Amino acid sequence: MLAKNFFISVDEHVQEHPEVWTKRLSREKWGERIPHVEKNSTGAEYWMVDGRKISLDGVADCGAAMTDRTRNPQHWSEVPASVYDPEERLKVMDAAGIDSAVLYPTVAGVGGENFGRIEDEELELACVRAYNDWLLEEWASVSDRFIPQCLAPLFPIDAAVQEIRRCVKNGHRGVIYPSVPMELRDVPHINDSAYDPLWATCQDLGVPICFHAGASSAIQIPAYEGYSPTLAAAFQAVTRPASSVSVLVNLLISKILMRFPHLKVVLAESGLGWGAYLLEYTDYQAKGDQLPQNGYDLMPSELFRRQCYLVGWYDQASLRVRRYIGTENILWSSQFPLATSTWPNTRDALANSFASVDENDRQKILWENAAKLYKTR
């Protein structure tokens with residue numbers, strides 16, 4: 001471990017450039033359905049996927065890299081190089097004290113949800129494969145400090161399994177999947193046995209499956225239409241991590257973790273504090289509803305500590321109750337380049353968050369847990 005680069009950031013975002021898909025997919029076959037950038041009547045640019053404008057405000061999501069972090073760039077020419085250029089990103093990582101960065105997408109959706117909405121399974125798979133190959137070719141090949149995670153097609157599950165196996169063989173070390181797939185298309189509920197091959201594949205390959213907060217609009221209250229863009233963004237930034245509550249409750253009650261005891265699950269951009277409350281309450285309710293008498297061989301908190309991870313980045317008070325969550329179940333990030341990121345004050349934020357944390361726990365949260373999970377050096 002380098003002295004100046006002292007933590008593994010498990011939630012960093014890459015910004016796909018405008019030619020990621022236009023260079024890799026056949027225009028003759030797919031035409032304007034290929035993910036690409038368009039301009040509106042005022043000249044502002046935006047992303048289109050399968051004929052639909054995605055919900056991204058502007059052409060990139062990178063408030064932390066902008067002079068005004070409340071504003072996303074409306075033209076590709078305004079996007080800072082550190083957002084889309086891996087060589088420039090390494091400089092940011094050095095300045096922030098980040099040794100290795102686990103990567104999540106932007107245009108594809110933080111959980112791959114923008115591709116999950118594509119009804120044409122062939123086009124969906126083509127978009128997913130193009131992203132996965134691009135991430136290896138243009139990011140992971142530049143430095144082993146980048147930890148790539150693959151997307152998987154939403155359905156059919158056989159196609160998802162095949163793509164995951166292909167990607168892990170090629171070097172991906174995590175799998176990104178929408179936490180509420182039935183919101184995106186007419187597919188079975190996430191708890192249905194149809195998904196068992198997905199869980200089994202991740203378990204067998206030893207890669208975590210990662211559910212990123214904000215990938216599901218159904219479990220978030222929409223911002224009031226009367227809010228200004230800045231206020232709406234602030235509202236969504238606060239409610240986004242809280243949406244992970246429902247995802248975790250479902251995991252703990254669904255028996256997915258019981259049936260796949262070696263499956264590891266990361267709840268990215270989750271925050272920490274609510275985890276202590278939730279685990280205590282879920283255990284309490286499990287006793288009241290007699291879950292142990294109905295086929296649950298472990299309490300919800302025991303399942304969590306065996307298999308799940310929450311991710312902090314700004315947390316201070318939450319770290320004081322870390323023993324309720326489990327020090328081995330906490331990971332850390334900087335969230336670059338999102339507006340919620342600690343950048344450019346990441347080092348100071350780390351110092352404040354970990355001021356009263358003993359060295360053993362600090363090492364686990366900032367380094368050891370992620371190194372073990374992602375099999376990094």
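User: What is the volume of the largest pocket in this predicted model?

Analyst: About 1,400 Å³ of space lies in the largest pocket. The model is predicted.

User: What makes this a pocket rather than a cavity?

Analyst: A pocket is an open set of grid points, whereas in a cavity the 1.4 Å probe fits but cannot get out. The space of about 1,400 Å³ is listed as a pocket, so by definition it is an open set.

User: Which residues lie nearest the centre of the largest pocket?

Analyst: Ser55, Asp57, Asp61, Gln236 and Arg240 do, out of 43 lining residues. Strand E4 (52–53), helix H4 (113–116) and helix H8 (229–242) each supply at least two residues of the lining. The largest share, nine residues, comes from H8.

User: How does the lining of the largest pocket divide by class?

Analyst: Into 16 nonpolar, 17 polar and 10 charged residues. Among those nearest the centre are Asp57, Asp61 and Arg240. Asp and Arg count as charged.

User: What volume does the second largest pocket have, and which residues are closest to its centre?

Analyst: Its volume is about 240 Å³. Of its 19 lining residues, Lys264, Tyr309, Asn369, Lys372 and Leu373 are the closest to the centre. Helix H7 (196–205), helix H12 (300–307), strand E11 (308–312) and helix H15 (359–374) each give the lining at least two residues. By class, the lining has seven nonpolar, six polar and six charged residues.

User: How many cavities of 30 Å³ or more are there, and what lines the largest?

Analyst: There are three cavities of 30 Å³ or more. The largest holds about 50 Å³ of space. Its lining includes Phe211, His212, Ser244 and Val247. E9 and H9 are the elements that give two or more residues to this lining. The lining divides into five nonpolar, six polar and no charged residues.

User: Which residues of helix H9 are buried?

Analyst: In H9 (residues 244–254), Ser244, Val247, Leu248, Leu251, Leu252 and Ser254 are buried. Ser244 and Val247 also line the largest cavity. After H9 comes Lys255, with a positive phi near 75°.

User: Why is Tyr224 called exposed?

Analyst: Its relative accessible area is 55%. The cut-off for exposed is over 50%, so Tyr224 counts as exposed. Tyr224 sits in the loop between strand E9 (209–212) and H8.

User: What kind of patch do Tyr224, Tyr227 and Leu231 form?

Analyst: They form a nonpolar patch on the surface, with about 320 Å² of accessible area together. Patch residues need over 30% relative accessible area. Tyr224, at 55%, therefore passes that cut-off.

User: Why do Glu124 and Arg185 count as a salt bridge?

Analyst: Their closest N and O atoms are 3.2 Å apart. The limit is within 4 Å, so the pair qualifies. Glu124 lies in helix H5 (residues 121–140) and Arg185 in the loop between strand E8 (175–176) and H7, so the pair ties together parts 61 residues apart in sequence. Both residues are buried. The whole structure has 19 salt bridges.

User: What separates Arg166 and Glu163 along helix H6, and are they buried or exposed?

Analyst: They are three residues apart in H6 (residues 157–170), so about one helical turn separates them. Both are buried. Their salt bridge is 2.8 Å, N to O.

User: How do you know that Glu359 and Arg362 form a salt bridge?

Analyst: The closest N and O atoms are 3.5 Å apart. That falls within 4 Å, so the pair counts. Both residues lie in helix H15, three residues apart, with about one helical turn between them.

User: Why is Glu359 called exposed but Arg362 partly exposed?

Analyst: Glu359 has a relative accessible area of 52%. The cut-off is over 50%, so Glu359 is exposed. Arg362 has 25% relative accessibility. Partly exposed runs between 20% and 50%, so Arg362 falls in that class. Elsewhere, salt bridges that share partners join Arg129, Asp133, Glu163 and Arg166 into one network.

User: Why is Gly326 called buried?

Analyst: Its relative accessible area is 7%. Buried means under 20%, so Gly326 qualifies. Gly326 is placed in the loop between helix H13 (322–325) and strand E12 (330–332). Its C-alpha atom is 9.5 Å from that of Ser301, 25 residues away along the chain.

Notes: Residues are numbered from 1 along each chain as its sequence is written. This is a predicted model: local features need pLDDT of at least 70, side-chain atom pairs count only at pLDDT 80 or more; totals for chains, interfaces and linings use all residues. Side-chain values use heavy atoms; hydrogens and water are left out. Buried means under 20% relative accessible area, exposed over 50%, partly exposed in between (1.4 Å probe, protein chains only). Helices (H or I, at least four residues) and strands (E, at least two) are DSSP runs, numbered from the N terminus. On a 1 Å grid over the protein atoms alone, a cavity is a set of points where a 1.4 Å probe fits but cannot get out, and a pocket is an open set with protein on both sides within 12 Å along at least five of seven lines; lining residues have an atom within 4 Å of a point. Grid points are joined across faces, edges and corners, and a volume is the space filled by probe spheres set on the points. Patches are made of residues with over 30% relative accessible area and no salt bridge: like charges are joined within 9 Å, nonpolar side chains (Val, Leu, Ile, Met, Phe, Trp, Tyr) within 5 Å. Accessible areas come from the Shrake-Rupley method with a 1.4 Å probe; for residues, only the protein chains shown count as cover. A salt bridge is a side-chain nitrogen of Lys or Arg within 4 Å of a carboxyl oxygen of Asp or Glu.
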